[in-house]
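Work through the exercises below with the coordinates open. Each task is followed by a solution in steps.

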Amino acid sequence: LAAKLAAFRPDKEAWMQPTHATIPQPQKIYLADYTPPAYLVRHVELTFRLAPKATRVIARIQFAPNPAAHSRDFFLHGEKLKLIRASIDGTPVQPVLVDGGLTASVPDAPFVWESEVEIAPIENTALDGLYMSNGMYCTQCEPEGFRRITYYPDRPDVMAPFDVRIESDLPILLSNGNPVERGAGYAVWHDPWPKPSYLFALVAGDLVAERGAFTTMSGKDVSLAVWTRAADADKASFALGALQRSMLWDEQAYGREYDLDVFNIVAVSDFNSGAMENKGLNIFNTAAVLASPATATDMDFQRVEGVIAHEYFHNWTGNRITCRDWFQLSLKEGLTVFRDQQFTGDLHGHAVKRIRDVIKLHTRQFREDGGPLAHNVRPESFVEISNFYTGTIYEKGAEVIRMLHRLVGPVAYGEALDLYFDRLDGQAATIEDWLQVFQDATGRDLTQFKRWYQQAGTPQVSVVKEYADGILKLTLRQHTPPTPGQPDKLPLVIPVAIGLLDSEGREILATQVLEFNQPEQCFTFSGFDDAPIASLLRGFSAPVILRQENTSEELALLLAHDTDSFNRWDAGQQLARRTLAAMVIDNAPPSSTYLNAMQAMLMNEALYPALRALILSLPSEEDTAQNLALAGQIPDPDAIHAAHEALKNHLAEHLEAVLPGVYAAMQVDAPYSPEADQAGKRALANATLALISRTDHGQAAEAQYAKADNMTLTLGALASLLSIGRGNSQLAAFATHWADDKLVIDKWFALQVTEAAPRRLLNMLNRLTALDTFDWQNPNRFRSVLATISANPAGFHQADGSVYRFVADWLIRLDSVNPWTASRISAAFDGWRRYDTGRQALMRAQIERIAKAPGISREMSEMVGRMLA
Ligand code: ARG
Ligand code: ZN
């Protein structure tokens, strides 16, 4: 053993470094340092004797030396475990416990490791590993929670089949794979598919099932179940249907068949993220699985369906083919987001889905990419991988795949994916493997394209248009601003989808894709009688900021006539951005071009309601702040808020005569269905109601609230009332009526934060967090208040810094029990350098206060460190 320990070089392996609680010096790990595991795992056998304070976990693991390894150092990760005993090939051993795990002297041949540890799920407030929620046991292992369950090589490139025995008196005992045996007080599960430990799951509780079935394309029957508490039994059927739709779609669109006899989904009310794709046993945040017309909005229904699809699709893109290491996280997340986007688009319409996704990309990912937290789609170093479940890994990762799809075309994309599944099934893969598949399937050289994975920051593309003698010349320039650690950027391959319209709005050139891959490049189009109007970046063909010198009249024409629905919406947004910027900077009145264009759009019954609702909605205040910062201005949150309010009032007045008619036409008589047609009507009803309320003192909203029989209309009415400073009695009635439904009460909290007048926000926050119902250790409840603050930027940025302090206080408090959720929300401060010196100093002080708080987690310390760097 001494020799083994001497040969052991801790500096090589960051995860073995002891961490000193008093001096937080986060240790970075680097992609370049990857080495293959020393030992592979052939088989895992786990026995759980469940008890809240003292669960015993007995592990029997068959190890074998990895022929590809660079060393024979045996190390098992382990955190917060009490080791009871350990043996190797049946002989008791005394392993050496080091920070973050253990090491032992082992044979240079296959051997069986056995250990028994004790853990306390009831004390696990971090919700990472095995924990308890509402009296049930459940797990969250991705990325590194399994090491809190037993000693194990907890890294995704170690894959093994698992046999699991659960001992407990609780009625429902679930784990991965297929059920083998059920007896009094125990159940046995077998998962034949080799998987990394992050996909392990266990659930034990008093649960009821919504059951269903699916027959796969080769005729295998699969039993499906969505497990909930009895009180939620009436909210599970939609998720079950969504699962069936997902299974069918993945067969039809990707040829991917399910590979076990059962598929279980469990709803858990204490959960750090949306959901988790554990093999055969997906675990979901209740918010991402439960839905009924009375309690969930149309957007909730769509989210549930999208998350169910996402987790299901991971079975192939994530589980059958997993990631070699966590630097490759976007290999599974970017691809799976792209797949769930395709799915939702196929089912409910691509344009609306695309617009919603781009709104999210703009607010969440562009902001991240433009600030101190910017990182590559494939990062090269990190302290805590848990800080990288970000808009960049997920949404930008999906955009990169969407560009690939567009560049090679759908047929070649399909061939590349077939090759991907053939070649890499059962393996832990890398971004290089992924790109190689596309190179081999299409013959295309992707060397330059790969920069999308290696370069952070949002590229800016400027366009100069020149027209003479029937020839249109477009000069495109690209520039990616510096990001932390990356001062200089190389040109990217940017697919620019373009169409041309004539001055009457008729399309004279259907969509084609320009491959823009130089710092500056010209494209010419000829054969015109008149200067054409370019519709650029159709469908948002690349995640870039496009800067073009369109006139407002051109934008109005695109809004009225473009064949690309996305660009109609985008033209409306550009008009709104311009008018908002002029209102903020020059105190200008709102542009009449914008107001008239909105009126024409609203009255255009050929445009489906969901699209009209999206076009009518202003860009967010965050969007305006980004836009002003891009133009070299220091955004003033109060002025931005005032301009948004003023523009909404102008719209309300300008459209006053037509709004009631549109609103009336959007009433749905049929029984509630979350389908796109009805949901679109309700979206436009709520969007028009918000404007109507500004001139009718809330009469229409009160009426809608009184007669609403679904949450979409209820919440729409309530939001309209709160936004004009009314609705107190409705708010109180709502709280009483829904007192027993946590997810609905989360909405009640969130709505008050979103709609609070900025100067009253702090009072509101103090009042809400003082309520008995503010169960701050529940992530959904905490987020409903604390994460919602960023939806009220003028409130967050109160010039006295009081809300900054409030947020920092709560982050410090939550960090001590749940670092994952706390460090996610700390990103609220990432824009601090954008603001005036007064606000900068106030925000900086709070970020520093968090950094210096005693006992701050590694997660949080990495976040604040990056924000201050
Ligand atoms: N892989 C999951 C998903 O995207 C997310 C896991 C988040 N991790 C966590 N600790 N909650 O579907
Ligand atoms: Zn995912």
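The exercises cover a ligand shell, a helix, two helix pairs and some backbone outliers in a predicted model.

**Exercise 1.** List the residues that surround ligand 1 and sort them by class.

Solution. Step 1: the shell consists of Gln140, Glu142, Asn272, Ser273, Ala275, Met276, Glu277, His310, Glu311, Glu333, Tyr389 and Trp820. Step 2: by class, these are four nonpolar, four polar and four charged residues. Step 3: the elements that each supply at least two residues of the shell are β20 (275–276) and α3 (298–313).

**Exercise 2.** Determine which residues of α23 are buried and what they pack against.

Solution. Step 1: a residue is buried if 20 or more other C-beta atoms lie within 10 Å of its own. Step 2: in α23, Pro779, Asn780, Arg781, Phe782, Ser784, Val785 and Leu786 are buried. Step 3: because these are seven of the eight residues of α23 (residues 779–786), the helix is largely enclosed by the rest of the structure. Step 4: the packing partners of the buried residues are β21 (281–285), α21 (742–755), α22 (761–770), α25 (802–815) and α26 (819–826).

**Exercise 3.** Classify the packing of α11 with α14 by its angle, and describe the contact.

Solution. Step 1: α11 (residues 565–586) and α14 (residues 621–630) have axes 10 Å apart and pack at about 70 degrees. Step 2: angles of 65 to 115 degrees count as roughly perpendicular, so α11 is roughly perpendicular to α14. Step 3: α11 contributes Arg577, Leu580, Ala581 and Val584 to the contact, and α14 contributes Thr624, Asn627 and Leu628. Step 4: the contact residues divide into four nonpolar, two polar and one charged.

**Exercise 4.** Do the same for α5 and α13.

Solution. Step 1: the axes of α5 (residues 350–369) and α13 (residues 609–616) come within 10 Å and cross at roughly 25 degrees. Step 2: this angle makes α5 roughly parallel to α13. Step 3: the crossing is left-handed. Step 4: Ala351, Val352 and Ile355 of α5 meet Ala610, Leu611 and Leu614 of α13. Step 5: the contact has six nonpolar, no polar and no charged residues.

**Exercise 5.** Locate a cis peptide bond and two residues with positive phi.

Solution. Step 1: the bond from Glu142 to Pro143 is cis, with omega near -5 degrees. Pro143 lies in the loop between β11 (136–140) and β12 (160–167). Step 2: Asp89 has a phi of about 50 degrees and sits in the loop between β5 (82–88) and β6 (91–92). Step 3: phi of Asp469 is near 50 degrees, in the loop between β25 (460–468) and β26 (471–479). Step 4: Asp89 is partly exposed, with 13 C-beta neighbours inside 10 Å, whereas Asp469 is exposed, with 6 other C-beta atoms within 10 Å.

Methods
Residues numbered from 1 in each chain as written. Chains lettered and ligands numbered in written order. Predicted model: local features only at pLDDT ≥ 70, side-chain atom pairs only at ≥ 80, totals over all residues. Near = placed C-beta within 6 Å. Helix = DSSP H or I, 4+ residues; strand = E, 2+ residues; numbered from the N terminus. Nonpolar A, V, L, I, M, F, W, Y, C, P; charged D, E, K, R; others polar. Buried ≥ 20, exposed ≤ 12 C-beta atoms within 10 Å, placed from the backbone. Contact = placed C-beta atoms within 7 Å. Axes fitted to C-alpha atoms, helices over the stretch in contact; angles between N-to-C directions. Parallel < 35°, antiparallel > 145°, perpendicular 65-115°, else oblique. Left-handed = near helix turned anticlockwise from the far one by under 90°.
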